[in-house]
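This briefing collects notes on one protein structure, grouped by topic. The sequence and coordinates come first, and the notes follow.

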Amino acid sequence: MTYTISDRSNFSTYPLDYSLDDMDLDISGNGTQKIVTWDNPRNTQHILVSQIDVDKAETGSNGYVRNVVFSNLETQFSPVIPNTSTNYAIIVQAFDANNTMIGYEALVQDLPEGR
C-alpha cells in the first residue's frame, strides 16, 4: 500500500513475506553473537536495515528497535539482542541511485532463541 502524508511525501508498506529481488537474507551465529547477512542487488547504492519488535508493533506500540542506513555496499548487520527472547522482524531494503527500492526481504526470528 502507498500512503501520502503531504504533496511531497509518500511512503509504502509491505507485508513481511513480500520479496523484491532475491537478497538471500539470513541470520547466523549463536546466542548473542548473531549476524544478519544479505546479497545486494545490482546497482545498489543504499541499504536500509530495520529491526522491529513484532509483539510491540502488533499491539500498536512503537516497535522500531533500530534503523541503520548503509552506503558502502555493506552486506551484514549486528542486531540488538536482549537478555530475554524477543520476536523480531529484520527487514533489509536496497535502493538505487534514484532512491528507487530495488530489493526487499524480511525474516522473523526470536533473538536469542528459546521462545
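A salt bridge is a side-chain nitrogen of Lys or Arg within 4 Å of a carboxyl oxygen of Asp or Glu. By that criterion, a search of the whole structure turns up one salt bridge. The model is a predicted one. The points below take up that salt bridge, the aromatic pairs, strand E8 with its partners, and threonine 44.

**Salt bridge**

- Lysine 34 and glutamate 113 meet through their side chains in a salt bridge, with an N to O distance of 2.3 Å.
- The two residues come from distant parts of the chain: lysine 34 sits in strand E4 and glutamate 113 in the segment after E9, 79 residues apart.
- Lysine 34 has a relative accessible area of 7% and is buried, because buried means under 20%.
- Glutamate 113, at 43% relative accessibility, is partly exposed.

**Aromatic pairs**

- A pair of aromatic rings is described by the distance of the centres and the angle of the planes.
- Four aromatic pairs are present in the structure.
- In one of them, the ring centres of tyrosine 14 and tyrosine 18 are 4.7 Å apart and the planes stand at 25°, so this pair is stacked, the cut-off for stacking being planes under 30 degrees apart.
- Both members of the stacked pair are partly exposed: tyrosine 14 has a relative accessible area of 32%, and tyrosine 18 is at 28%.
- Tyrosine 14 also forms an aromatic pair with tyrosine 104, which is tilted, at 5.3 Å centre to centre and 50° between the planes.
- Tyrosine 14 lies in the loop between strand E2 (9-12) and strand E3 (26-30), whereas tyrosine 104 belongs to strand E9, so their pair ties together parts that are 90 residues apart in sequence.
- Tyrosine 104 counts as buried, at 4% relative accessibility.
- Through these ring pairs, Tyr14, Tyr18 and Tyr104 are linked into a cluster.

**Strand E8 and its partners**

- Strand E8 spans residues 86-95, and 10 of its 10 residues are buried.
- Both faces of E8 are covered, with Thr86, Tyr88, Ile90, Val92 and Ala94 buried on one side and Asn87, Ala89, Ile91, Gln93 and Phe95 buried on the other.
- E8 pairs with E5 in the antiparallel sense over eight bridges.
- Isoleucine 90 in E8 is the bridge partner of glutamine 51.
- E8 also pairs with strand E9 (residues 101-111), again in the antiparallel sense, over 10 bridges.
- Glutamine 93 has tyrosine 104 as its bridge partner in E9; tyrosine 104 is also part of the ring cluster with Tyr14 and Tyr18.
- The hairpin of E8 and E9 has five residues between the strands, and asparagine 99 there takes a positive phi near 60°.

**Threonine 44**

- Threonine 44 is located in the loop between strand E4 (33-37) and strand E5 (46-53).
- This loop residue is buried, at 6% relative accessibility.
- A polar atom of the threonine 44 side chain lies 2.6 Å from the backbone oxygen of proline 41.
- Beyond its neighbours within four places in sequence, threonine 44 is in contact with Leu73, Ala94, Phe95 and Ile102.
- Of these contacts, Ala94 and Phe95 lie on opposite faces of E8, and both are buried.

Key:
Residues are numbered from 1 along each chain as its sequence is written. This is a predicted model: local features need pLDDT of at least 70, side-chain atom pairs count only at pLDDT 80 or more; totals for chains, interfaces and linings use all residues. Side-chain values use heavy atoms; hydrogens and water are left out. Helices (H or I, at least four residues) and strands (E, at least two) are DSSP runs, numbered from the N terminus. Buried means under 20% relative accessible area, exposed over 50%, partly exposed in between (1.4 Å probe, protein chains only). A polar contact is a pair of N or O atoms within 3.5 Å; within protein, one must be able to donate a hydrogen and the other to accept it, and residues adjacent in sequence count only if both atoms are side-chain atoms. Contact means heavy atoms within 4.5 Å. Two strands pair if DSSP finds at least two bridges between them. Rings of Phe, Tyr and Trp (its six-membered ring) pair if their centres lie within 6.5 Å; planes under 30 degrees apart count as stacked, over 60 as edge-to-face and the rest as tilted.
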